[in-house]
Amino acid sequence: MKTILVAEYRNGKTLAGHGELSAFAALVGAESAMFLVGNKNDLPAYEGTIYLADVDHFGEFNPDVHKQLLLEVIAGEQPDLVVFSHSSYGWDLAPRIALALQAAQVSEVVAVQGDSLVIPFCNGKLRRAVRSLSGTTVVTLQAGAFTALETPAASPTVVEITTDVSGKITFNGYEAAEQGGVDLSKSQIIVSAGRGIGKPEAMAMIADLAGALGGDFGASRPVVDAGWAEHNRQVGTTGQTVAPKLYVACGISGAIQHLAGMKKAEFVVAVNTDKDAPIGELADVLVVADLKQFVPILTEKLRAL
Amino acid sequence: MESKFKINAAGTWHETADLAWRMNEYDEYAVEQAVQLKEQVAGADLTVLCIGPERVKETMKKALAMGCDRGFHVADDAAQTKDPLQIAAIIAEYAKGQNFTMIFTGMQSQDRGSAQVGVLVAEMLALPSITTLVGFSYTDGTITAKRELEGGVKGLLTVKAPALCTCQLGLNTPRYPTLPNIMKAKKKELLSVPIQDLLKENARQETARMFFPEKKGGGLVLEGDVADLADRLIRILKEKTTVLA
Ligand SMILES: Cc1cc2nc3c(=O)[nH]c(=O)nc-3n(C[C@H](O)[C@H](O)[C@H](O)COP(=O)(O)OP(=O)(O)OC[C@H]3O[C@@H](n4cnc5c(N)ncnc54)[C@H](O)[C@@H]3O)c2cc1C
Ligand SMILES: Nc1ncnc2c1ncn2[C@@H]1O[C@H](COP(=O)(O)O)[C@@H](O)[C@H]1O
């Protein structure tokens with residue numbers, strides 16, 4: 001079995017996610033080579049061949065061009081698997097490659113079971129074991145599902161690659177994440193509100209509980225998107241990463257993008273009407289209750305302590 | 001789609017009875033962005049397409065009430081089990097030759113969640129595509145877009161129409177259809193064709209099994225009267241954490 005691992009480079013740096021791709025290749029017992037549009041002075045710690053296209057020439061984001069570069073590597077290597085991270089770079093490029101190869105793409109793989117790849121289904125409430133029916137298979141891996149191996153100082157063999165294709169999309173640089181306001185990354189206690197709070201007025205109840213515990217309040221993305229909380233309160237992959245002693249998730253289902261931001265919390269309490277909510281997989285305590293009733297009573301009792 | 005799932009007897013899918021169905025959240029943003037563009041561009045005509053069983057017509061009526069001009073329904077009782085490439089091929093088969101200036105899809109579906117269909121459609125039609133859209137403007141055929149990256153960073157892009165965008169949460173504020181618009185939507189064209197007319201691709205993947213995620217264990221589940229639950233939780237926090245010290 002042979003794989004091509006697609007590493008990523010952004011804002012002048014090679015991203016760390018490639019370690020998880022290598023771990024996946026090792027798990028399925030595959031021989032691998034790596035593909036990167038990057039910089040020869042910042043190579044991934046990888047023992048093997050890296051097909052490297054110069055980022056100064058081909059750009060950090062240029063899907064048509066990156067697609068062509070990768071397709072040429074695939075034509076030469078004839079891999080069984082082409083492996084991406086399920087990231088903004090991976091989910092953008094992978095389907096382009098899958099279609100060019102007329103291959104199956106299995107997205108957001110979390111585990112391998114025999115000849116099947118396991119992926120989440122219905123917002124993570126179910127799992128699906130999927131079998132590819134095509135010769136080559138394109139996969140994207142859920143962030144954190146495969147633990148990166150410790151790589152001792154590695155010395156990759158670099159093969160420089162190039163193409164003369166140009167792309168239709170013009171990349172004009174980056175806009176930084178919104179800054180300022182609260183920095184939840186240092187908070188010891190965080191109470192977060194999810195869509196389950198139902199209405200904007202209920203934010204006050206969450207803030208009150210946070211106050212009674214002597215902590216800060218946070219929110220899931222839908223709460224921020226709806227304008228019920230400021231963006232700098234958002235916990236998750238596109239918000240803040242937090243590591244408090246206590247994290248109380250109120251009306252939050254536990255989507256992977258939210259969990260990614262709070263799984264380092266020491267102790268997690270979830271308040272949810274749904275006993276099967278995925279947050280229960282991670283919570284130390286799942287309180288099955290309507291938060292509108294439970295939160296005010298808890299707040300009152302904490303204040304009375 | 002929320003509610004309680006039950007796995008079917010064969011262990012390969014879930015039962016479909018007793019579930020609540022609604023428009024894919026990401027597609028609400030796609031419909032809203034398309035309607036806003038239609039309002040901006042004089043003479044624009046907007047079609048909403050959905051592949052699925054009879055019940056998806058309810059979702060399509062919502063899109064019509066939000067402002068789409070016509071609906072194209074591809075009737076398929078087994079749509080959920082089609083793979084992304086098949087779904088994309090059906091859409092591309094319909095769209096080819098129709099010269100759409102813009103196609104909007106969701107970034108991902110909430111059930112299948114593959115984040116593939118939009119990009120595949122664009123590739124099949126040889127159109128440029130921008131994924132994970134969180135900002136969009138359109139001037140004289142040029143699209144200025146923001147795509148969301150990890151950590152809240154955004155990539156700034158421009159591309160010329162025709163093009164396809166896959167829409168991310170928070171792109172806009174999807175409107176609620178008003179009663180008059182719901183009434184008007186009832187009179188709009190909603191054409192239905194059988195899937196056989198458009199499906200020409202075989203599946204590239206199949207579902208071997210469907211199951212519930214393993215509970216990692218260790219987690220305590222508390223149920224009962226809320227006041228009692230609060231007391232029990234406080235006791236646990238005192239024992240297991242230092243936050244109440
Ligand atoms: C690329 C990408 C990046 C993303 N980044 C982030 C991110 O940074 N942060 C983030 O949070 N999300 C992010 N998301 C969105 C994420 O996938 C989920 O959609 C989101 O986390 C869901 O938020 P939620 O749990 O508040 O809402 P829902 O999933 O709607 O869950 C609501 C929960 O509330 C419960 N509930 C309802 N009523 C009550 C009640 N009365 N009492 C108690 N419980 C109740 C329900 O049972 C349910 O579990 C991202 C998605 C994508 C695709
Ligand atoms: N059955 C379908 N009918 C119409 N559009 C669909 C269908 N399935 C997926 N899509 C579109 O493709 C997007 C991405 O879906 P997916 O690749 O399944 O994550 C969705 O947000 C929809 O816009």
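Trainee: Which residues of α4(B) are the buried ones?

Mentor: B:Val117, B:Gly118, B:Val119, B:Leu120, B:Val121, B:Ala122 and B:Glu123. This is a predicted model, in which local features need pLDDT of at least 70, side-chain atom pairs count only at pLDDT 80 or more, and totals for chains, interfaces and linings use all residues. Residues are numbered from 1 along each chain as its sequence is written, chains are lettered from A and ligands numbered from 1 in the order in which they are written, and side-chain values use heavy atoms, with hydrogens and water left out.

Trainee: What makes helix α4 of chain B largely enclosed?

Mentor: Buried means under 20% relative accessible area, exposed means over 50%, and partly exposed lies in between (1.4 Å probe, protein chains only). In helix α4 (residues 117-124), 7 of the 8 residues are buried, so the rest of the structure largely encloses it. The helix itself is a DSSP run (H or I, at least four residues; strands are E, at least two; numbering from the N terminus).

Trainee: What do the buried residues of α4(B) pack against?

Mentor: Elements of both chains. Chain A brings α3 (63-77) and α4 (90-101). Chain B brings α3 (84-95), β3, β4 and β7. After α4(B) comes B:Ala126, with a positive phi near 55 degrees.

Trainee: Why does B:Gln33 count as buried?

Mentor: Its relative accessible area is 5%. Set that against the cut-off, and B:Gln33 is therefore buried. B:Gln33 is found in helix α1 of chain B.

Trainee: Which residues is B:Gln33 in contact with, leaving aside neighbours within four places in sequence?

Mentor: B:Phe104, B:Phe136, B:Leu171 and B:Asn172. Contact means heavy atoms within 4.5 Å.

Trainee: What span is expected for helix α1 of chain B, and what does it reach?

Mentor: The expected span is 1.5 Å times one less than the number of residues. For the 16 residues of α1 (25-40), that gives 22 Å. First C-alpha to last, the helix reaches 23 Å, which is close. Its buried residues include B:Tyr26, B:Val31 and B:Leu37. Their cover includes α6 of chain A, as well as α2 (56-66), β3, β4 (129-139) and β7 (163-167) of chain B.

Trainee: Why is B:Lys62 put in the class it is?

Mentor: Its relative accessibility is 29%. That falls between the two cut-offs, so B:Lys62 is partly exposed. B:Lys62 lies in helix α2 of chain B. Beyond its neighbours within four places in sequence, B:Lys62 is in contact with B:Met23, B:Glu28 and B:Pro177. B:Pro177 is 115 residues away in sequence, yet the C-alpha atoms are 7.0 Å apart.

Trainee: What makes the site of ligand 1 shared?

Mentor: Chains A and B both supply residues around ligand 1, so the site is shared between chains. A residue is near a molecule or strand if one of its heavy atoms lies within 4 Å of it. The shell has 32 residues, and A:Ser220, A:Thr238, A:Ser253, A:Gln257 and A:Asn272 come nearest.

Trainee: Which polar atom of A:Lys292 lies 3.3 Å from a nitrogen atom of ligand 1, and what makes that a polar contact?

Mentor: It is a side-chain atom. A polar contact is a pair of N or O atoms within 3.5 Å; within protein, one must be able to donate a hydrogen and the other to accept it, and residues adjacent in sequence count only if both atoms are side-chain atoms. The 3.3 Å pair therefore qualifies. A backbone atom of A:Val235 lies 2.8 Å from a ligand 1 nitrogen. A backbone atom of A:Arg221 is 3.0 Å from a ligand 1 oxygen. Alone, ligand 1 exposes 990 Å², and the protein buries 86% of that.

Trainee: Which residues come nearest to ligand 2?

Mentor: B:Asp27, B:Ser109, B:Arg112, B:Ser114 and B:Ala115, out of 16 around it. A polar side-chain atom of B:Arg112 lies 2.5 Å from a ligand 2 oxygen. For B:Asn24, the side-chain distance to an oxygen is 3.1 Å. B:Val117 uses a polar backbone atom, 2.9 Å from an oxygen. Ligand 2 alone exposes 480 Å², of which the protein buries 91%.

Trainee: Which element gives the most to the shell around ligand 2?

Mentor: β1(B), with 3 residues.

Methods. Accessible areas come from the Shrake-Rupley method with a 1.4 Å probe; for residues, only the protein chains shown count as cover.
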